[in-house]
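Grab a coffee and have a look at the model below. We'll go through a few of its strands and loops together.

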Amino acid sequence: MEEERAYDEARWRAWTEDGVKAVAFDAHAPVGVAAERVPADRAGAVELFGMWVRPRARGGRIAERLALEVVAWARETGRSRVELWVISGNDSAERVYRRLGFRDTGEYELHPRAPGLRKYVMARGVDGG
């Protein structure tokens with residue numbers, strides 16, 4: 001979690017190069033990004049990853065709007081489920097995703113670069129469940 005918090009905008013942009021992107025703008029400046037991809041090992045689910053909102057724009061529901069764009073894209077492309085990984089202790093991210101209907105699946109693994117941290121999967125259907 002601390003590692004991801006330290007990423008600058010360029011690092012977040014590089015991380016999201018292999019998926020479809022949703023970008024939020026304030027006037028002409030980007031203030032948020034989310035990416036989605038269809039991983040081969042997830043039975044056709046869409047994975048939401050690389051969610052980032054500029055610190056000064058946080059708290060304005062930008063993350064929610066970006067996540068809903070990913071859900072809409074999943075629905076439009078015939079997928080039935082959206083999944084994402086949350087690092088344990090990232091309570092603000094978990095609150096956003098829970099408000100949008102994502103639920104903990106019980107699947108987790110240790111963070112690859114911080115073995116003391118767990119990351120876990122949250123998921124929701126494209127029609128809200």
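What follows is a short walk around one strand, then a stop at two loop residues.

This is a predicted model, in which local features need pLDDT of at least 70 and side-chain atom pairs count only at pLDDT 80 or more, while totals for chains, interfaces and linings use all residues. Residues are numbered from 1 along each chain as its sequence is written, and side-chain values use heavy atoms, with hydrogens and water left out.

Let's start with strand β3, residues 46-53. Helices (H or I, at least four residues) and strands (E, at least two) are DSSP runs, numbered from the N terminus. Eight of the eight residues of β3 are buried, so the strand is largely enclosed by the rest of the structure. Here buried means under 20% relative accessible area, exposed means over 50%, and partly exposed is in between (1.4 Å probe, protein chains only).

Who are the partners of β3? Two strands pair if DSSP finds at least two bridges between them. Strand β2 (residues 29-37) runs antiparallel to β3, with five bridges joining them, and G32 sits opposite V53 of β3. Strand β4 (residues 81-87) runs parallel to β3, with three bridges, and E47 faces E83 in β4. To get from β3 to β4, the chain passes through helix α3 (residues 62-76), making a right-handed β-α-β crossover. Right-handed means that, with the strands pointing away from the viewer, the path from the first strand over the helix to the second runs clockwise.

Now for two residues that have a positive phi although neither is a glycine:

| Residue | Phi | Loop | Relative accessibility |
|---|---|---|---|
| A27 | about 60° | between β1 (20-26) and β2 | 67%, exposed |
| R61 | about 70° | between β3 and α3 | 47%, partly exposed |
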